[in-house]
Amino acid sequence: MSTEPTKRYAAKLLFCYRTVVPPERRPRAWTCEYRVVLLRARCAQEALEDATQRGKATQWDTLNDEGDCVRGEFLGVVELLCLELVAEDDAEVWYEMFEDADPDRLVPPVRELSAIRNRE
């Protein structure tokens, strides 16, 4: 067993919710979800394997009101970050850097934030 210290990682997982129906009944777009999970691992490869196992473990199937099978599918890990540069007691758990010509448009009105919209 390795005594190598563990590091903190955050993995961004992608899920898709699909209804198993004939092609003529398929929607033009599927509902998708990004989910960020925190984990500890000795290295990035170990963190990736853990994140993948967690994603696969949360897949599910159920029947909707019409009797169609609905699947919550794990599609994969879309990003993996090592959080060692973030202080242990810091509240920051995710960051993503990118370029955009008009970044102000990316901030939605407060009423559109999920927790506000759903009154959680």
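The exercises below concern a predicted model, each followed by a worked solution.

**Exercise 1. Confidence**

State the mean pLDDT of the protein, and find which elements have the lowest and the highest mean pLDDT.

Solution. Start with the whole protein: its mean pLDDT is 87, and 92% of its residues reach 70 or more. Then go to the elements. Helix H2 (residues 114-117) has the lowest mean, 80, and helix H1 (residues 44-57) has the highest, 96. Where pLDDT is low, the predicted coordinates should not be read in detail.

**Exercise 2. An aromatic pair**

Describe the aromatic pair of Phe-15 and Phe-74, and determine which parts of the chain the pair ties together.

Solution. The structure holds two aromatic pairs. In the one formed by Phe-15 and Phe-74, the centres are 5.5 Å apart and the planes make an angle of 55 degrees, which is classed as tilted. Next, locate the two residues: Phe-15 belongs to strand S1 (residues 7-20) and Phe-74 to strand S4 (residues 69-82), so the pair ties together parts that are 59 residues apart in sequence. Finally, check accessibility: both Phe-15 and Phe-74 are buried.

**Exercise 3. Charges over rings**

Find which residue lies over the face of Phe-15 and which lies over the face of Tyr-34.

Solution. Take Phe-15: Arg-35 lies over its face, at 4.0 Å from the ring centre. For Tyr-34, the residue over the face is Lys-12, at 4.3 Å from the ring centre.

**Exercise 4. Two cysteines**

Decide how many disulfides the structure holds, and explain why Cys-16 and Cys-32 are not bonded.

Solution. The count of disulfides is zero. The cysteine sulfur closest to that of Cys-16 is in Cys-32, at 4.1 Å. A disulfide requires sulfur atoms within 2.5 Å, so the two are too far apart for a bond. As for accessibility, Cys-16 is buried, with a relative accessible area of 3%, whereas Cys-32, at 48%, is partly exposed.

**Exercise 5. The faces of H1**

Compare the span of H1 with the expected one, then work out where its buried residues lie around the axis.

Solution. H1 has 14 residues and spans 20 Å from its first C-alpha to its last, close to the 20 Å expected at 1.5 Å a residue. Its buried residues are Ala-47, Ala-51 and Gly-55. Viewed down the axis of H1, these buried residues fall within an arc of 70 degrees, so they line one face of the helix. An α-helix has 3.6 residues a turn, so residues three or four places apart point the same way. On the other side of H1, the exposed residues are Gln-53, Lys-56 and Ala-57.

Key: Residues are numbered from 1 along each chain as its sequence is written. This is a predicted model: local features need pLDDT of at least 70, side-chain atom pairs count only at pLDDT 80 or more; totals for chains, interfaces and linings use all residues. Side-chain values use heavy atoms; hydrogens and water are left out. Rings of Phe, Tyr and Trp (its six-membered ring) pair if their centres lie within 6.5 Å; planes under 30 degrees apart count as stacked, over 60 as edge-to-face and the rest as tilted. Helices (H or I, at least four residues) and strands (E, at least two) are DSSP runs, numbered from the N terminus. Buried means under 20% relative accessible area, exposed over 50%, partly exposed in between (1.4 Å probe, protein chains only). A charge sits over a ring if NZ of Lys or CZ of Arg is within 6 Å of the ring centre and within 35 degrees of the ring normal. pLDDT is the predictor's confidence in each residue, from 0 to 100. The expected span of a helix is 1.5 Å times one less than its number of residues. The arc is that of the directions from the helix axis to the C-beta atoms.
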